[in-house]
Amino acid sequence: MRQKKLKYVNLEMLNTLGVITDLEKIETKKPVYLEIGSGKGQFITSLAASYPSNHYIALEVNMNVCYRIVEKKVDQKLDHLTIILGDANHVLDYFFEHSIQGIYLNFSDPWPKAKHHKRRLTFPKFLRMYQMLLEKDGFLQFRTDHKDFFDESLIDLETYFDTIEINRNLEVSNHMTEYEEKKRPFGPIYQWTGKVKEHVE
Ligand SMILES: C[S@@+](CC[C@H](N)C(=O)[O-])C[C@H]1O[C@@H](n2cnc3c(N)ncnc32)[C@H](O)[C@@H]1O
């Protein structure tokens, strides 16, 4: 989705509002849950509002979209939500190894052309990073409306993770993303959930 450029949003402003804009490690004593490519943040803010004993982290590369998450965080007073303006390619720079309980990929860009598959957030390069970051009993959850993206990603997901559940018609929930609400009228929503394979160090 192309975002309308907000003229007043800049790096310094986001920094002042508490958004992490430099590569730095995040430390918290609470269980950590990360969403990569959070968009405007409806999913992660709804989780944070429901589960205050966890710490939620939104990683989003687009500055304008990031600001929309900040607005929700401020409105709902979600102190246990950290927002990072950053790229998934650098995700290892923000966290200590095995420090994350759950990672969510919601409606990530499907990059349908084969020559672009390496940009998918489900590409093996990324899956190996998630393995390094997740706790031993941690999980990865991937949700999309794009059937081919889902089916093609399953092959790699099942190489690196043990499947907990595959759902090819996800029911409506209290924790839906902006994209999900838009796409639901046009077809099923697919979701895969897996845990770190036991033999992985
Ligand atoms: C299709 S949108 C989905 C947004 C949201 N998850 C939802 O379901 O409504 C994909 C989002 O991922 C972000 N994104 C794409 N590549 C990214 C990357 N490498 N690192 C962080 N965010 C990324 C985009 O800026 C965009 O906001």
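User: Which strand and which helix each supply at least two residues of the shell around the ligand?

Analyst: Let's start with the terms: helices (H or I, at least four residues) and strands (E, at least two) are DSSP runs, numbered from the N terminus. A residue is near the ligand if its C-beta atom, placed from the backbone, lies within 6 Å of it. The two elements that each supply at least two residues of the shell are strand S2 (55-60) and helix H6 (178-183).

User: What kind of model is this?

Analyst: Residues are numbered from 1 along each chain as its sequence is written. Local features need pLDDT of at least 70, side-chain atom pairs count only at pLDDT 80 or more, and totals for chains, interfaces and linings use all residues, since the model is predicted.

User: How many residues does H6 give to the shell around the ligand?

Analyst: There are 21 residues around the ligand, and Gly37, Gly39, Phe107, Thr177 and Tyr179 come nearest. H6 gives the most to this shell, and its number of residues is three.

User: How many residues of the shell around the ligand are charged?

Analyst: For this sorting, Ala, Val, Leu, Ile, Met, Phe, Trp, Tyr, Cys and Pro count as nonpolar, Asp, Glu, Lys and Arg as charged, and the others, Gly among them, as polar. Eight residues of the shell are nonpolar and eight are polar, while the charged ones number five.

User: What distance should helix H5 span?

Analyst: The expected span of a helix is 1.5 Å times one less than its number of residues. H5 covers residues 147-160, which makes 14 residues, and its end C-alpha atoms are 20 Å apart. That agrees with the expected span, because at 1.5 Å a residue H5 should reach 20 Å.

User: Where is the kink in H5 centred?

Analyst: A bend at a residue is the angle between axes fitted to the seven residues ending there and the seven starting there. In H5 there is a kink of about 35 degrees, and its centre is Leu154.

User: Which elements do the buried residues of H5 pack against?

Analyst: A residue is buried if 20 or more other C-beta atoms lie within 10 Å of its own, exposed if 12 or fewer, and partly exposed in between, with C-beta atoms placed from the backbone. By that rule, the buried residues of H5 are Phe149, Phe150, Ser153 and Leu157. They pack against helix H4 (124-133), strand S5 (134-144), strand S6 (161-167) and strand S7 (190-196).

User: Is Phe126 buried or exposed?

Analyst: Phe126 is found in helix H4. In space, its C-alpha atom is 7.5 Å from that of Asn89, although the two are 37 residues apart in sequence. Because 23 other C-beta atoms lie within 10 Å, Phe126 is buried.

User: Which helix gives the most to the largest nonpolar core?

Analyst: A nonpolar core is a set of buried Ala, Val, Leu, Ile, Met, Phe, Trp, Tyr and Cys residues joined through C-beta atoms within 7 Å. The largest one has 41 residues, of which Leu34, Ala58, Cys66, Ile83 and Ile103 touch the most other members. With five residues, the helix giving the most to this core is H3 (residues 63-75).

User: Which residues is Ile83 in contact with, leaving aside its neighbours within four places in sequence?

Analyst: Two residues are in contact if their C-beta atoms, placed from the backbone, lie within 7 Å. With those sequence neighbours left aside, the contacts of Ile83 are Val19, Ile20, Ala58, Cys66, Ile69, Val70 and Lys73.

User: Is Lys77 buried or exposed?

Analyst: Lys77 lies in the loop between H3 and S3. Its phi is near 55 degrees, a positive value in a residue other than glycine. Because it has 9 other C-beta atoms within 10 Å, Lys77 is exposed.

User: What is the phi of His98 near?

Analyst: His98 is found in the loop between S3 and strand S4 (100-106). With 16 other C-beta atoms within 10 Å, His98 is partly exposed. His98 is a residue other than glycine with a positive phi, near 50 degrees.

User: Which residues does Lys197 touch, not counting residues up to four places away in sequence?

Analyst: Lys197 lies in the segment after S7. Lys197 is exposed, with 12 other C-beta atoms within 10 Å. Not counting residues up to four places away in sequence, Lys197 touches Tyr160, Phe161 and Asp162.
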